[in-house]
Amino acid sequence: MIVPGRRTITRLMIPLYAYRDNTCDPRKCTVKKLAQRGLARIVTAVAKIPRSTLLLDPTAEQAVSPADRDLPSITALDCSWEVLDTGAVASWRNRRALPFLVAANPVNFGRPFRLTSVEAMAAALYILGEKEQARTILAPFGWGLRFLEVNADPLEDYARAKDSAEVVALQALYI
């Protein structure tokens with residue numbers, strides 16, 4: 001029921017989680033900044049990652065696609081890939097890799113597949129159709145919204161794909 005004079009929320013935000021093992025520089029950690037603003041929740045043990053989450057894992061065999069929209073949350077692995085025990089997450093059903101995108105963060109600007117955790121989460125949100133939430137989590141970073149500008153065409157194409165196979169086929173246009 002809509003009551004005159006009251007604001008209504010049209011969509012709930014997708015909960016965002018980040019597994020963080022403290023192996024990256026805390027001064028540059030994008031996830032810590034999101035958590036401080038209440039935009040993401042940090043978990044420090046793999047066992048505490050929600051099992052039904054869309055787990056952003058660059059070693060996954062499937063790509064994030066709009067077909068994943070029904071998953072209840074998104075989790076980024078915010079850690080050093082050299083020390084991550086990939087066996088701990090390898091059996092998870094909802095592991096997804098991001099398709100080809102270019103970083104806009106100051107450390108890796110212009111480099112493909114070198115995204116910060118916030119860029120990865122924003123890309124997943126955008127592909128899932130949550131463009132406003134993607135903008136919201138990128139806004140605290142001076143370079144954040146530039147990520148969407150740099151990747152505008154591929155993100156739009158990936159967001160229109162029907163499934164992982166189509167996303168993978170589309171990324172061939174950008175590689």
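How many bridges join strand β1 to strand β4, and do the two run parallel or antiparallel? In this predicted model, β1 and β4 (residues 74-78) are parallel and are joined by five bridges.

**Strand β1 and its environment**

Strand β1 spans residues 16-20 and is mostly covered, with five of its five residues buried. In a regular strand, side chains alternate between the two faces of the sheet. From β1, L16, A18 and R20 point one way, whereas Y17 and Y19 point the other way; all are buried.

**Pairing partners of β1**

Two strands pair with β1. On β4, residue D78 is the bridge partner of R20. Strand β2 (residues 41-43) also pairs with β1 in the parallel sense, through three bridges. Within β2, I42 is the bridge partner of A18.

**Sheet order and edges**

The sheet is open and consists of five strands in the order β2-β1-β4-β3-β5, with parallel pairing. Because β2 and β5 (95-96) stand at the edges and each has a single partner strand, one side of each is left without a neighbour in the sheet.

**Helix packing**

Helix α2, formed by residues 117-127, packs on the sheet. Its contacts there are with β1, β3 (54-56) and β4, and the direction of α2 makes about 155° with that of β4. Strand β1 is therefore bridged to β4 and β2 and also touched by α2, while its five residues are buried.

Definitions and conventions. Residues numbered from 1 in each chain as written. Predicted model: local features only at pLDDT ≥ 70, side-chain atom pairs only at ≥ 80, totals over all residues. Heavy atoms only, no water. Buried < 20%, exposed > 50% of the residue type's maximum accessible area, 1.4 Å probe, protein only. Helix = DSSP H or I, 4+ residues; strand = E, 2+ residues; numbered from the N terminus. Pairing = 2+ DSSP bridges. Contact = heavy atoms within 4.5 Å. Axes fitted to C-alpha atoms, helices over the stretch in contact; angles between N-to-C directions.
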